[in-house]
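Biologist: Could you take me through one part of this model with care, beginning with a pocket and then turning to the disulfides around it and elsewhere in the chain? I am new to reading structures, so please go step by step.

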Amino acid sequence: MSGSLIGLAIPARAAVLDDIFIRPGVDEADYDSCARDLLRGKVTAAAAADACAKAIRPRDLGICVERITRNNVSGDDALSVCRQVRRPVEAANCVTEIARRAPSTATVNVLDGCRRSLLPERFSRCVVDLSRELKLATDQSIANCIDATDRSRDLLPTVLPGSTTTPPITTPPSGSSTPAPPVSPGQTTPGQTTPTPPTTTPGTTRPGTVTPQRF
């Protein structure tokens with residue numbers, strides 16, 4: 001009996017983990033709403049079916065396409081942007097905000113900027129605010145805000161962590177003596193003599209030795 005209960009519990013737990021980690025935020029209505037929004041945006045049924053089936057969050061994908069197409073953008077162009085971003089709803093808001101504040105901006109530049117940005121809503125605020133306060137062309141603000149992650153080279157370390165550098169060679173000042181190089185065992189320094197053991201003549205003994213006596 002216990003074995004059968006364990007067998008029933010394992011598939012149930014696997015299903016819960018699948019919903020949490022593999023398909024986050026998906027419910028039964030997400031695919032319906034995704035399909036409706038894509039069809040409303042003039043996306044073909046075949047393209048809508050492929051896009052909604054592969055989306056991690058189908059509802060967000062549909063919202064993204066539907067909002068972008070309100071700005072006189074074709075459904076295919078909107079779908080191309082929404083499928084390439086990590087935050088589809090934010091990307092749609094980005095396109096809508098820039099198009100509303102700067103309607104004369106080239107649509108292709110707006111779509112490309114919102115697609116490339118990792119934080120689309122922050123990117124759109126950057127574009128709109130710089131254009132308004134600095135009297136810049138929107139295309140110039142888009143270029144500046146996309147490149148905002150660049151850093152000055154002066155802020156980077158000149159030596160990489162873990163690298164080694166050769167210590168500088170210094171010469172002693174004139175008049176000072178040069179320290180002698182280290183001496184290895186068995187070597188002598190210049191001007192130093194090696195002591196020689198004492199010699200003995202036949203019939204004499206060295207101090208501390210005992211001469212055996214004959215009987």
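Modeller:
**The second largest pocket and the disulfides**

In this predicted model, the second largest pocket holds about 260 Å³ of space. Two elements give two or more residues each to the lining of this pocket, namely helix H3 (45-54) and helix H4 (58-68). Among the residues that line the second largest pocket are Ala51, Lys54, Ala55, Ile56 and Arg57, and further along the chain the lining also includes Asp60, Leu61, Cys82, Arg83, Val85, Arg86 and Pro88. Sorted by kind, the residues of this lining are seven nonpolar and five charged, with no polar residue in the list.

From the pocket we can turn to the disulfides, of which a search of the whole structure finds four. If the bonded cysteines of the protein chain are numbered in sequence order, the pairing reads 1-2, 3-4, 5-6, 7-8.

Helix H3 is a useful place to pick up the thread, and there we find a disulfide between Cys34 and Cys52, whose sulfur atoms are 2.0 Å apart. This pair links distant parts of the chain, with Cys34 in helix H2 (residues 30-40) and Cys52 in helix H3, 18 residues apart. The link of Cys34 and Cys52 is left-handed, with -90° about the S-S bond, and both Cys34 and Cys52 are buried.

Another disulfide joins Cys94 to Cys114, with a distance of 2.1 Å from S to S. Because Cys94 lies in helix H6 (residues 88-101) and Cys114 in helix H7 (residues 107-116), this pair ties together parts that are 20 residues apart in sequence. The link of Cys94 and Cys114 is left-handed, with -75° about the S-S bond. Cys94 counts as buried because its relative accessibility is 0%, and Cys114 is likewise buried, with a relative accessible area of 0%.

A further disulfide is formed by Cys126 and Cys145, whose sulfur atoms are 2.0 Å apart. Since Cys126 lies in helix H8 (residues 120-134) and Cys145 in helix H9 (residues 138-146), the pair ties together parts that are 19 residues apart in sequence. The torsion about the S-S bond of Cys126 and Cys145 is about -85°, so this disulfide is left-handed. For the surroundings of this pair, it helps to know that buried means under 20% relative accessible area. Cys145, at 10% relative accessibility, therefore counts as buried, whereas Cys126 is partly exposed, with a relative accessible area of 26%.

Key
Residues numbered from 1 in each chain as written. Predicted model: local features only at pLDDT ≥ 70, side-chain atom pairs only at ≥ 80, totals over all residues. Heavy atoms only, no water. 1 Å grid on protein atoms, 1.4 Å probe; cavity = no way out; pocket = protein on both sides within 12 Å on 5 of 7 lines; lining within 4 Å. Points joined across faces, edges and corners; volume = space filled by probe spheres on them. Helix = DSSP H or I, 4+ residues; strand = E, 2+ residues; numbered from the N terminus. Nonpolar A, V, L, I, M, F, W, Y, C, P; charged D, E, K, R; others polar. Disulfide = S-S within 2.5 Å. Buried < 20%, exposed > 50% of the residue type's maximum accessible area, 1.4 Å probe, protein only.
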